[in-house]
Amino acid sequence: MCHPEVGANGWNDVPVDAGAIGDRPFINEPKPIPVDQIKFPTEDPIVSKTIEYVKRVLHPETFNHSMRVYYYGMAITTHQFPGQAAILSPVTWALTCLLHDLGTANENLTATRMSFDLYGGIKALQALKDSGASTDQAEAVAEAIIRHQDMGVDGTITFLGQLIQLATLYGNTGTHPRIAGFEAIIHADTRAWVNEAHPRLGWCAFFAGTIREEERIKPWCHSTHMVDFDKQIEANTLMRQWE
């Protein structure tokens, strides 16, 4: 694995404990970033193919959520991890966001007894290879997807995996179990602009229902690791005005 790929595809190891960021919700105070100043790599052929694919299989609510996660993550990494922001590939990040909930698609949730995040990572790996992604990029995305609900305090995770955890929790619950004042990690104006650009469509109720359905049909699933996750999603006051 060459060194440029390590940074570009987010393989750098970081603590799985996001609380290790520091004793505040942010390292650098976030500034407002308009959505049109955050470039989405639609011109990349693999991203373009992936958008076509996920629009076919994901619910509209999930697709919009995936787009919001991209912008949240770009804002987080720009302000809080500028060193990583300088080297992380926006294409790799976009692919991770677009595919991270692939396992919740109707055709996938009931196709296997595997947990949605684990099966989704496997499906994403194959989809990306079929679309022409490099092995390193496809595996980085798959690893991040497989571990995007792997919250904890011990060990390490890839930077890409930590970023997808931060960005998805920001959108899903507005809180983080290891970061007090987590809502302040992104500027309030940026939060509003992202939600206006990619409407939530009642996301919290929709996704809470998805989690409950997975736990009903797969009581062993990885989602149960996040105790009362469905209730935390429904209690999301940070995003309530856009629901």
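Begin by selecting residues 62–173, the span that UniProt lists, in an unreviewed entry, as "domain: HD". The structure on display is a predicted model. Within this selection, helix accounts for 71% and strand for 3%. Placing a distance marker between the C-alpha atoms at the two ends of residues 62–173 gives 15 Å.

**The nonpolar core**

Next, select F40, Y70 and W93. In the largest nonpolar core, which has 74 residues, these three touch the most other members. Helix α3, residues 60–80, is the element that gives the most to this core, contributing nine residues. In general, nonpolar side chains of soluble globular proteins tend to be buried together.

Keep Y70 selected and display its surroundings. Which residues does Y70 touch, leaving aside those up to four places away in sequence? They are I38, K39, F40, P41, P90, W93, A94 and C97. Y70 itself is buried, and its relative accessible area is 0%.

**Aromatic pairs**

The structure holds nine aromatic pairs. For one of them, add Y71 to the selection: the ring centres of Y70 and Y71 lie 5.2 Å apart, with the planes at 85 degrees, so this pair is edge-to-face. Y71 is also buried, at 7% relative accessibility.

Now move to W203 and F206. Their ring centres are 5.8 Å apart and their planes meet at 35 degrees, so the pair counts as tilted. Both residues belong to helix α11, residues 203–217, where a spacing of three residues separates them by about one helical turn. Are these two side chains buried or exposed? W203 is buried at 0% relative accessibility, whereas F206 is partly exposed at 21%. Extend the selection to F207 and F229 to see the cluster that ring pairs form from W203, F206, F207 and F229.

**The cysteines**

Finally, select C97, one of the residues that Y70 touches, together with C204 and C221. How many disulfides does the structure hold? The number is zero. A disulfide is a covalent bond between the sulfur atoms of two cysteines, and the cut-off applied here is 2.5 Å between those atoms. For C97, the closest cysteine sulfur is that of C204, 17 Å away, which is too far for a bond. For C221, the closest cysteine sulfur is again in C204, at 19 Å, and this too is too far for a bond. C97 is buried, with 1% relative accessibility, and C221 is likewise buried at 1%.

How values were computed. Residues numbered from 1 in each chain as written. Predicted model: local features only at pLDDT ≥ 70, side-chain atom pairs only at ≥ 80, totals over all residues. Heavy atoms only, no water. UniProt positions renumbered as here; feature names shortened; annotations may be inferred. Helix = DSSP H or I, 4+ residues; strand = E, 2+ residues; numbered from the N terminus. Buried < 20%, exposed > 50% of the residue type's maximum accessible area, 1.4 Å probe, protein only. Core = buried A, V, L, I, M, F, W, Y, C linked by side-chain atoms within 4.5 Å. Contact = heavy atoms within 4.5 Å. Phe/Tyr/Trp six-rings, centres within 6.5 Å; stacked < 30°, edge-to-face > 60°.
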